[in-house]
Amino acid sequence: MPKRRRVSDAFEDGEGLELQQRAIAASWEQNNNCLGAAAIAAGEDPGMCMAETVAEYRARKARVKKLVREGVAVSCQHFKELARPESICKPEHYSFRDSQLRIGFANLSKICAELQSTTVPVVSWPSPGCLESARAAVRQEGAVLLQGVRRQEKELLEQGKKYLTWKASQADASFTEYVHETKHRHHLRLQPSENPAVAALFDTLVQVAAGSILPFVSPLGAVVEFAAFLTNPGACGQPFHTDIKDSEQKALAPIYTTFLFLTDVDDESHGPLQIAPRSHALSRVREATRTAALILCEGAPGREVSSLSKWKLLPAKSGDIAIYDGSVLHRGTANNSTRTRIVVYLSVLGVGTVPEGSTYAIHDSLLTPPQRLGKLWQGAGKQKCSVQLDDIAFAVGCFSFVSLLALLTRWVFINSHFATQTATVFINNDKQETASSMF
Ligand SMILES: O=C(O)CCC(=O)C(=O)O
């Protein structure tokens, strides 16, 4: 009789990992304290599902949002200066302006055709000017895939993968977060102190985020998400969505997510991340692009449309990193393979009014006090950071500039973690309109 494998045996080899993932997926379906338990029992899609009760979930979300609003959000009032042409640091704001709601049919067909052949830029790392290219891609297209950026760190990637697999097998309410298309997916809040590999992954993500998107969020940009996604075999594709809601509010702080792959995503069956280029809030063609994207999805944002496979970030090897703007349309696609896709990610919120909609998948300990990118980068592993010297000078410059500004004003309270709280004013004077959400 063949030996029955136990979940705890599963770390030994690749097959074990796969077996374990299947076991996790099965137990997740049957045993968690799930809002959709009745739906599951009836064999239906559970919809919103998590390992905590509704009351616990609401209380935790209220707490996290309060901490983000009061602890992380920073007034732009004193950083107006940063927007001056001579300044080295120009933090961005979302602006849901767009004049393109009446696009006209001919134009729309043209945009659809163009969009179908558009891909998310891929930047090889290292390569001359890779940082500038990455920033330009995020600004113009809403996302970038950095190929090669951390592929050398094989041991860390392997340790991270094993630890997260183990953690998923113990999923409970204290670290399980909501995720779209829950079935066969895990979304786990992390904290650096829980495991050395998680701490090292946090540092890696901080270094890459600081090296690339710091100019968009300023050194005051704060970590508002640090979590992992495990997408098991059998997971369905998510609908296209944005991580933040459209808003009439002015000077909304942007969110950027740095997404590190711990497993290879070689082809479409492995559940790649898919992103609609130019659909982010800072895109000049946002509304037209979103309309076109919906048309191209044949009216169903979760539908698999072969002509849009160019939007899938492929291939992504373990150690590659995607960076995307939280306002861009994106989704996790179906995992039709036998391989679990494992990703760890960090999201950073810039300065301005806190946007609604983000899951804010973060452990409380990272919000008390808030972890600011400038300070984190100054501390952890700056010496290891593979960014160019001018970026170091840039960040240090920004940091000193902001510090000086902060010291000169009575309004700003500095504590040892560089936390500030004041009223909200905005930097850019762009007219802002609400654009209705398509998806
Ligand atoms: O798993 C992915 O590729 C994307 C996940 C995502 O966007 C989400 O769950 O909100």
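This is a short back-and-forth about how the labels used for this predicted model are arrived at.

User: Before we start, what is the numbering, and what kind of model is this?

Analyst: Residues count from 1 along each chain, in the order its sequence is written. The model is predicted: local features need pLDDT of at least 70 and side-chain atom pairs count only at pLDDT 80 or more, while totals for chains, interfaces and linings use all residues.

User: How do you know how many helices and strands there are?

Analyst: They're DSSP runs numbered from the N terminus: helices are H or I over at least four residues, strands are E over at least two. By that rule the protein comes to 10 helices and 9 strands.

User: What makes β5 a largely enclosed strand?

Analyst: A residue is buried if 20 or more other C-beta atoms lie within 10 Å of its own, exposed if 12 or fewer, and partly exposed in between, with C-beta atoms placed from the backbone. In β5, 7 of the 7 residues are buried, so the rest of the structure largely encloses the strand. In a regular strand, side chains alternate between the two faces of the sheet. Here both faces are covered: I255, T257, F259 and F261 are buried on one side, and Y256, T258 and L260 on the other. For the whole protein, 48% of the 439 residues count as buried.

User: Why is β5 said to pair with β9 and with β7?

Analyst: Two strands pair if DSSP finds at least two bridges between them. Strand β5 (residues 255–261) has 7 bridges to β9 (residues 341–349), in the antiparallel sense, and L260 stands opposite V344 there. Another 5 bridges join β5 to β7, again antiparallel, with T258 partnered by I323. Both counts meet the rule, so both are pairs.

User: What makes β1 and β3 edge strands?

Analyst: The open sheet has 7 strands in the order β1-β2-β7-β5-β9-β4-β3, with mixed pairing. β1 (122–124) and β3 each have a single partner strand, so one side of each lacks a neighbour in the sheet. From one strand to the next, the twist averages 20 degrees.

User: Which strand does β3 pair with, and how covered is β3?

Analyst: β3 runs antiparallel to β4 (residues 222–231), joined by 5 bridges; L188 has A228 as its bridge partner. Strand β3 (residues 185–189) is mostly covered, with 4 of its 5 residues buried.

User: How do you know that α6 and α7 pack on the sheet?

Analyst: By contacts: two residues are in contact if their C-beta atoms, placed from the backbone, lie within 7 Å. Helix α6 (residues 154–169) touches β3, β4 and β9, while helix α7 (residues 196–217) touches β4, β5, β7 (321–325) and β9. For directions, axes are lines fitted to C-alpha atoms, for helices over the stretch in contact, and angles run from 0 to 180 degrees between N-to-C directions. On that scale α6 makes about 105 degrees with β3, and α7 about 145 degrees with β5.

User: What puts a residue in the shell around the ligand, and which residues are there?

Analyst: A residue's C-beta atom, placed from the backbone, has to lie within 6 Å of the molecule. That gives V179, H180, F229, T231, Q238, L273, H330, R331 and G332. β8 supplies the largest share, 3 residues, and both β4 and β8 (330–332) supply at least two.

User: What is the make-up of that shell?

Analyst: Ala, Val, Leu, Ile, Met, Phe, Trp, Tyr, Cys and Pro count as nonpolar, Asp, Glu, Lys and Arg as charged, and the others, Gly among them, as polar. The shell divides into 3 nonpolar, 5 polar and 1 charged.

User: Why are R278 and Y360 called buried, and what is their phi?

Analyst: R278 has 25 C-beta neighbours inside 10 Å, so it counts as buried. Y360 is buried because 23 other C-beta atoms lie within 10 Å. Most residues other than glycine have a negative phi, and most peptide bonds are trans. Yet phi is positive at R278, about 65 degrees, and at Y360, about 45 degrees. R278 lies in the loop between β6 (273–275) and α8, Y360 in the loop between β9 and α9 (373–379).

User: And where are the cis peptide bonds?

Analyst: One runs from W125 to P126, with omega near 0 degrees; another joins L314 and P315, with omega about -20 degrees. P315 is in the loop between α8 and β7.
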